[in-house]
Amino acid sequence: MRFQVLLAGALAAAAFAATPLPLEAAKPVVCAQCVKANMDRLAGDALRGRGCGTEDEHVAARFVAETLKRYGVAAGAGMDGYLQPVQLTTPTAAAPPTLSLTAGGQHVELLQGRDMAAMQPPPSLQAPFIRLTDARAAPEAVTGKIVIFDSPIYDPPGVQGLLRAGATAVITPASDEILAHWDDLSTRPPGRTQIAGVERRAGRSMGVTIFAKADAMAALRKLEPGDARLEAPQGPPRERTTYAVIGVLHGTAPDADRHAILLSAHYDHLGVRNGVIFHGANDDASGTAAVLEFARILGSGAKHRRTAYFALFGCEEEGGLAAQAFLAHPPMAIGDLAANLEFEMIGVDDPKHPGF
Ligand SMILES: [Zn+2]
């Protein structure tokens, strides 16, 4: 954290100072033009926001690798090149999910996007439904059921409690915050992205959270308990590749690799959404440019005693995917890392440290 703050301050000062900084000659000097050139390349229009698994992101990865090489940094330990490929498999929806509820002669049908946003629904789910206004239900009352949780507002702990108690799905009113992200939430993939070679964390699979718009909740409120069926047909999975870009400067001390430091950031951002480029200058071209500037400074001049690793990750925005692959298959013994300095969004003032 301290390093992060100090570097951010140094970069900002170097970039904006009207007169040269009064640095002693022996101290490394941040090269403002180098930082700006790397920032411009990463966050410029040409790389279109470096979306996870896109060719734009791959161009960014190759640029980061070429820059490390140009700065005298070697390819990651035990690797042929700087790029550690990471294969991703993401489930896709073949059609928008639907939820049909039937009670007596009444029938209500909810459609994903129009009425509801079902989060990571299974391809098919059928269960009796009940309506509750209080989440403190006895587990036997909700186990195996789809629960319409008719709370006045979205109550996350209440929803989690019902799912933990064994509800297969909980339908809950969408809050203003949920509605503000409706398009994104209702078009998310119907399951988690699998990372080749990375074990999914074991854990009890939880039921489905279904956000419902106000009109849908009003329709559900009129139903007596009955039977519900959720259909969420899946298409062929989407296959993508991302990269961890890894470099190393081995130290001169005999045990240099045993007490190494790791400098890391992520080079991806959100890409293009609805025709708009999300450039991600701050998140996290700024961190990537900082790590590259460390690489330039540490890779020039006298060698250092301690080994430094540099790792720039792709697909952070979809859940730290390249970083997870790196942790599962690190090119060094993780226990030999004395510290990891992570640089995230250092391009703007930190209100806790104004001026830095
Ligand atoms: Zn970030």
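**Close-up 1. The site of the zinc ion is irregular, with angles of 51 to 131° among its 4 donor atoms.** The model is predicted. The zinc ion is coordinated by His266 through NE2, by Asp283 through OD, and by Glu344, which is listed twice through OE. These donors sit at 1.9 to 2.8 Å from the zinc ion. To count as tetrahedral, four donors need all angles between 85 and 135 degrees. The range here starts at 51°. For reference, ideal angles at a metal are 109.5 degrees for four tetrahedral donors.

**Close-up 2. The donor residues of the zinc ion follow the spacing H-x16-D-x60-E in sequence.** Asp283 belongs to helix H9 (residues 281–299), while Glu344 belongs to the segment after strand E17 (337–342), so this pair ties together parts that are 61 residues apart in sequence. Burial of the two can be read separately. Asp283 is buried, at a relative accessible area of 15%. Glu344 counts as partly exposed, at 26% relative accessibility.

**Close-up 3. The peptide bond from Asp283 to Asp284 is cis.** Its omega is near -5°. Most peptide bonds are trans. Asp284 is placed in helix H9, and Asp283, a donor to the zinc ion, lies in H9 as well.

**Close-up 4. Helix H3 (residues 55–70) and H9 have axes that come within 9 Å.** The axes cross at roughly 20°. Angles under 35 degrees count as roughly parallel, and H3 and H9 are therefore roughly parallel to each other. The crossing of H3 past H9 is right-handed. On the H3 side, Val64, Thr67 and Leu68 make the contact. On the H9 side, Thr288, Leu292 and Ala295 make it. An α-helix has 3.6 residues a turn, so residues three or four places apart point the same way. H9 is mostly covered, with 16 of its 19 residues buried. Just after H9 comes Gly301, with a positive phi of about 75°.

**Close-up 5. Arg48 and Asn274 have a positive phi although neither is a glycine.** Most residues other than glycine have a negative phi. For Arg48 the phi is about 45°. Arg48 is in the loop between helix H2 (32–43) and H3. At 42% relative accessibility, Arg48 counts as partly exposed. For Asn274 the phi is about 50°. Asn274 is in the loop between strand E14 (271–273) and strand E15 (276–278). At 81% relative accessibility, Asn274 counts as exposed.

Notes:
Residues numbered from 1 in each chain as written. Predicted model: local features only at pLDDT ≥ 70, side-chain atom pairs only at ≥ 80, totals over all residues. Heavy atoms only, no water. Donors = N, O, S within 2.8 Å, 3.2 Å for Na, K, Ca; no water. Tetrahedral: all angles 85-135°; square planar, octahedral: opposite > 155°, others 65-115°. Helix = DSSP H or I, 4+ residues; strand = E, 2+ residues; numbered from the N terminus. Buried < 20%, exposed > 50% of the residue type's maximum accessible area, 1.4 Å probe, protein only. Axes fitted to C-alpha atoms, helices over the stretch in contact; angles between N-to-C directions. Parallel < 35°, antiparallel > 145°, perpendicular 65-115°, else oblique. Left-handed = near helix turned anticlockwise from the far one by under 90°. Contact = heavy atoms within 4.5 Å.
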